[in-house]
Amino acid sequence: MWTVKYDKKSRMDEGIRWEASKRLEFIDFRLYWEGRVNRGDLTDFFGISIPQASNDLSKYQELAPRNLDYDRSGKFYFATQEFKPVFYEPTSDDYLSQLKQISSGLITQNESIIKSVPDTYLIPVLERKLPNDTLKTIIHSLKNKTDLNVFYQSMSRQDPSWRWIAPKSLAYDGFRWHIRSYCFTRKDFRDFAIGRIWEIKAQRPTEAEEKEDNEWNTFITLKIGPNPNLSENQKNTIEMEYGMENGFKEVYVRQSLLSYFLRRYGLDHKCAQDEMAGQHIVLLNAESIPDNYKPIGF
């Protein structure tokens with residue numbers, strides 16, 4: 001859940017066990033994001049005693065004396081103007097990912113390290129349901145290297161059909177889960193949406209052990225930049241928002257998943273830039289797209 005800044009060697013040098021270091025990290029988190037922490041925060045979250053919480057706060061004060069001060073009337077510690085995290089590496093992604101987990105019901109507020117949760121709303125996500133037994137069978141197949149006989153509904157056909165596949169990897173395109181597999185019917189590697197598997201009837205020791213998935217093993221380097229039709233201030237904002245440097249950001253995408261990435265971000269290289277009025281980012285190196293690239297719909 002958190003990024004530990006205080007490494008194992010440092011903990012050993014200070015005589016700090018892993019459990020104690022997590023509580024020191026917790027103190028850092030609360031001071032950085034919420035500006036305050038008290039003994040009750042530690043006892044509630046970790047289920048420790050009040051004396052242990054007091055010891056943890058004292059240890060933190062010993063190791064980072066300039067980071068916090070005590071408000072006697074409010075009975076809490078607050079971050080000083082000189083505060084700098086010692087045990088926790090703050091990232092906005094870390095904080096916001098916890099907000100998303102709370103808002104989507106994956107964790108409760110009590111399970112999150114965030115104490116004061118701001119009012120947050122996520123647009124509804126149309127979840128693609130995956131039967132437990134189907135996913136379990138696929139995972140076992142990947143682990144044991146077996147082929148599966150699946151009853152699969154392709155969107156290029158009107159009716160489902162039985163076919164043997166050799167699962168190789170799991171992949172997520174931002175909307176749905178796939179199994180990258182060798183298809184014995186098409187005699188090539190394909191992406192199979194797990195939610196479109198109606199039934200799995202049989203397994204066998206894999207017959208595709210020596211076959212190499214070149215598209216999966218090949219990474220394409222994409223250069224993403226702000227749309228040149230934007231104003232200079234707008235371009236600067238997009239560069240800052242996406243963490244671009246020198247006007248672009250490099251992204252590495254497996255060739256087999258390239259279509260999903262381009263489609264998700266509206267970066268189809270065949271689109272002319274002057275036709276992308278609402279597109280804030282564009283693909284700067286369309287020449288990197290392989291000649292055999294074929295767009296895939298969702």
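## The biggest nonpolar core

Let's start on the inside. The largest nonpolar core has 21 residues, and the ones touching the most other members are Ile-27, Phe-29, Leu-31, Val-37, Leu-42, Leu-57 and Tyr-60. Three elements each give two or more residues to this core: H2, helix H4 (50-63) and helix H5 (92-103). H2 makes the largest contribution, with five residues. Keep in mind that you're looking at a predicted model.

What does Ile-27 touch, once its neighbours within four places in sequence are left aside? Its contacts are Val-37, Leu-42, Asp-56, Leu-57 and Tyr-60. Val-37, Leu-42, Leu-57 and Tyr-60 also appear among the core residues that touch the most other members. Asp-56 is a charged guest on that contact list, and we'll meet it again below.

## Rings that keep company

Now for the aromatic side chains. The model has 18 aromatic pairs. One of them joins Phe-29 and Trp-33, whose rings are tilted, with 6.4 Å from centre to centre and 50° between the planes. Why are these two about one helical turn apart? Because they sit four residues apart in helix H2 (residues 18-33).

The two partners have their own surroundings. Phe-29 is buried, at a relative accessible area of 0%, while Trp-33 is partly exposed, at 28%. Both also belong to one aromatic cluster, together with Tyr-32, Phe-83, Tyr-88 and Tyr-95. So if you click on Phe-29, you've found a residue that is in this cluster and is also listed in the largest nonpolar core.

## Salt bridges between helices and a loop

Charged residues get their turn here: a search of the whole structure turns up 15 salt bridges. In one of them, Asp-56 pairs with Arg-23, and the closest N and O atoms are 2.5 Å apart. Asp-56 belongs to helix H4 and Arg-23 to helix H2, so this pair ties together parts that are 33 residues apart in sequence. Are these two residues buried or exposed? Both Asp-56 and Arg-23 are buried. And Asp-56, remember, is also one of the contacts of Ile-27.

Another salt bridge links Asp-41 and Lys-115, with 2.8 Å between the closest N and O atoms. Asp-41 is in helix H3 (residues 39-46) and Lys-115 is in the loop between H5 and helix H6 (132-144), so the pair ties together parts that are 74 residues apart in sequence. Here the partners aren't equally covered: Asp-41 is buried, with a relative accessible area of 7%, but Lys-115 is partly exposed, with 41%. The loop between H5 and H6 also holds Glu-111, which counts as partly exposed at 45% relative accessibility. Glu-111 and Gln-98 are 13 residues apart in sequence, and their C-alpha atoms are 9.8 Å apart in space.

## A salt-bridge network on the strands

Further along the chain, Asp-191 forms a salt bridge with Arg-180, and the closest N and O atoms are 3.2 Å apart. Asp-191 is in strand E7 (residues 188-193) and Arg-180 is in strand E6 (residues 177-183), with their positions 11 residues apart in the count along the chain. Asp-191 counts as buried at 17% relative accessibility, and Arg-180 is buried too, at 3%.

The story doesn't end with that pair. Which residues are linked with Arg-180 in a network of salt bridges? They are Asp-191, Asp-213 and Glu-215.

## Strand E9 and its partners

Strand E9 (residues 219-226) has strand E10 (residues 249-254) as an antiparallel partner, and six bridges join them. In this pairing, Phe-219 stands opposite Arg-254. E9 also pairs with strand E11 (residues 281-283), again in the antiparallel sense, over three bridges. There, Ile-224 has Leu-283 as its bridge partner.

What do side chains do in a regular strand? They alternate between the two faces of the sheet.

## Charges over rings, and a second core

Two more spots are worth a click. The charged end of Lys-223 sits over the ring of Phe-248, 4.6 Å from the ring's centre. Likewise, the charged end of Arg-204 sits over the ring of Phe-184, with 4.9 Å to the centre.

Finally, back to the nonpolar side chains, where H2 gave five residues to the largest core. There is also a second, separate core of 15 residues, and its members include Ile-220, Met-244, Leu-267 and Ile-289.

Technical notes:
Residues numbered from 1 in each chain as written. Predicted model: local features only at pLDDT ≥ 70, side-chain atom pairs only at ≥ 80, totals over all residues. Heavy atoms only, no water. Pairing = 2+ DSSP bridges. Phe/Tyr/Trp six-rings, centres within 6.5 Å; stacked < 30°, edge-to-face > 60°. Buried < 20%, exposed > 50% of the residue type's maximum accessible area, 1.4 Å probe, protein only. Lys NZ or Arg CZ within 6 Å of the ring centre and 35° of its normal. Core = buried A, V, L, I, M, F, W, Y, C linked by side-chain atoms within 4.5 Å. Contact = heavy atoms within 4.5 Å. Salt bridge = Lys/Arg side-chain N within 4 Å of Asp/Glu carboxyl O.
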